Amino acid sequence: MIQKVETLIIGAGVIGSSTAMHLARLGMTGIHVIDLDLEGTLSSSELNAGGVRATWVQPINIEMSKITIDYFSEVAQEVGYKPCGYLWLHPAERWARAVAAREVQAKMGWPVEVWDVAQLRSRIPFLDKTDGIAGALFAPRDGLINPNLLKKHYRELARSSGVEFVDRTVLRECRYDAGSGTLVHATCERFEKVMSHETKLEIAASELPHLGRSKVEYRAQRVINCAGPWAFRVARILGYKTPAHPVRRQVCIFDGRDVDLTAYGMIVDTSGVYFHPEAMNGLAGFANHDEPAGINFEYDGERFFEERIWPALYERSTAFERLKHVTGWAGLYEVSPDECGIMGEVQDRVFEAHSFSGHGVMHSYAAGLALAEEIIFGRSKTVDISQLSGKRFEAGQLIRENLVI
Ligand SMILES: Cc1cc2nc3c(=O)[nH]c(=O)nc-3n(C[C@H](O)[C@H](O)[C@H](O)COP(=O)(O)OP(=O)(O)OC[C@H]3O[C@@H](n4cnc5c(N)ncnc54)[C@H](O)[C@@H]3O)c2cc1C
């Protein structure tokens with residue numbers, strides 16, 4: 001079967017879905033978005049912590065989040081956006097840098113309150129162990145979102161503008177016609193039956209072409225790599241290299257027992273452990289910076305909670321002494337060398353948007369819009385994404401975001 005389309009997007013997570021939505025709303029027709037699994041059980045858009053913030057160091061990241069969160073405010077009900085704030089607890093060695101970043105955030109229109117330890121104790125009484133805290137920053141418009149509702153929202157708007165989302169379809173090979181009428185020839189593998197979780201894991205981890213199953217050939221004017229943690233592999237198929245790589249990140253759900261977190265937003269401890277309310281429980285995560293690169297969905301279970309999460313929380317509050325592990329999971333961060341997204345034109349007819357390094361949900365609206373504008377108008381009008389080009393790594397123009405968790 002040969003499918004002729006205008007634009008083929010690889011990956012239907014929040015980034016691919018947002019890009020498709022924006023392209024279609026700007027008038028493009030003939031957009032297909034393919035995915036191994038539209039349900040997205042292994043995608044980062046499914047397995048993330050749901051935090052959204054514009055409290056960044058780099059102006060490009062502040063801007064991308066600001067545009068995205070402003071949009072979330074307009075459709076708050078549909079996407080489950082709650083402006084419940086991010087509270088960052090900073091140790092002395094990071095305090096001056098955090099306050100300097102706050103100046104930039106405030107200048108760019110993102111309010112952030114500065115609290116000393118006494119204010120922290122009176123505003124958040126359950127944080128009663130304040131050793132090692134030099135000060136706290138509270139950003140009231142940061143908050144939480146329901147990433148599933150968000151993905152659904154982007155897809156519904158995309159579909160209503162004519163976009164087709166194609167399930168159980170994996171890009172395996174790609175070649176290009178030479179000359180002025182350049183066309184992308186993409187060969188995909190289609191899985192006819194609903195896949196078990198084990199099959200999805202096997203395909204997600206495998207490098208080799210299967211192509212024993214049914215084949216779908218696409219002829220497209222352009223192709224966009226929105227494959228999240230698998231972007232490095234899709235790049236290889238599309239004929240270019242990217243320094244992006246996947247890294248396992250774990251989160252757990254805990255029973256707070258002695259503390260009700262529902263009145264609070266995201267809290268980022270000096271240790272790097274972050275937590276927020278999740279229904280009647282809490283969700284906590286920690287980015288282990290020694291984690292090797294690779295595709296690994298193994299959750300360490302209670303060990304993760306007992307070694308990484310609970311000791312830090314115990315040191316922060318007497319109310320956390322009796323916390324109990326409930327469950328948890330591992331997902332993949334899609335990481336770039338400077339922990340900022342990679343997006344823009346790669347080569348003639350090939351575009352990319354991936355590797356938001358743990359901040360893809362909170363940048364998703366702006367990222368999709370900016371890439372769609374670049375494709376349709378030749379440059380992005382809403383926010384200048386030229387510095388996010390993948391060419392920055394070879395040119396040595398890294399952006400260096402250091403407020404990543
Ligand atoms: C534990 C954890 C916590 C996080 N917390 C936050 C947070 O609080 N806030 C935030 O903003 N971000 C967070 N993130 C990061 C965020 O989830 C990602 O940046 C974002 O979801 C990336 O979206 P994406 O669409 O690029 O990738 P994905 O959602 O992973 O989508 C990529 C899709 O590409 C498909 N695909 C891959 N290869 C192929 C192929 N060859 N053919 C067809 N389809 C293919 C995959 O099946 C997948 O569905 C977190 C991530 C993790 C793992």
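Helix H3 (residues 59–74) packs against helix H11 (residues 360–377) at an angle of about 90°. Their axes lie 7 Å apart. Angles of 65 to 115 degrees count as roughly perpendicular, so H3 and H11 are roughly perpendicular to each other. This is a predicted model. A second topic is strand E4 (residues 86–90), where 5 of the 5 residues are buried.

**Helices H3 and H11**
- From H3, the contact is made by Met64, Ser65, Ile67, Thr68, Ile69 and Tyr71.
- From H11, Met362, His363, Ser364, Tyr365, Ala366 and Ala367 take part.
- By class, the contact of H3 with H11 has 8 nonpolar and 4 polar residues. No charged residues belong to this contact.

**Strand E4: burial and side chains**
- Strand E4 is largely enclosed by the rest of the structure, because 5 of its 5 residues are buried.
- In a regular strand, side chains alternate between the two faces of the sheet.
- Tyr86, Trp88 and His90 point one way from E4. Leu87 and Leu89 point the other way.
- Both sets of residues are buried.

**Strand E4: pairing partners**
- E4 pairs with strand E6 (residues 135–139) in the antiparallel sense. This pairing has 5 bridges.
- Leu89 of E4 has Ala136 as its bridge partner in E6.
- E4 also runs parallel to strand E13 (residues 266–268), and 3 bridges join them.
- Tyr86 of E4 has Met266 as its bridge partner in E13.

Note on methods. Residues are numbered from 1 along each chain as its sequence is written. This is a predicted model: local features need pLDDT of at least 70, side-chain atom pairs count only at pLDDT 80 or more; totals for chains, interfaces and linings use all residues. A residue is buried if 20 or more other C-beta atoms lie within 10 Å of its own, exposed if 12 or fewer, and partly exposed in between; C-beta atoms are placed from the backbone. Helices (H or I, at least four residues) and strands (E, at least two) are DSSP runs, numbered from the N terminus. Two strands pair if DSSP finds at least two bridges between them. Axes are lines fitted to C-alpha atoms, for helices over the stretch in contact, and angles run from 0 to 180 degrees between N-to-C directions. Angles under 35 degrees count as roughly parallel, over 145 as roughly antiparallel, 65 to 115 as roughly perpendicular and the rest as oblique. Two residues are in contact if their C-beta atoms, placed from the backbone, lie within 7 Å. Ala, Val, Leu, Ile, Met, Phe, Trp, Tyr, Cys and Pro count as nonpolar, Asp, Glu, Lys and Arg as charged, and the others, Gly among them, as polar.
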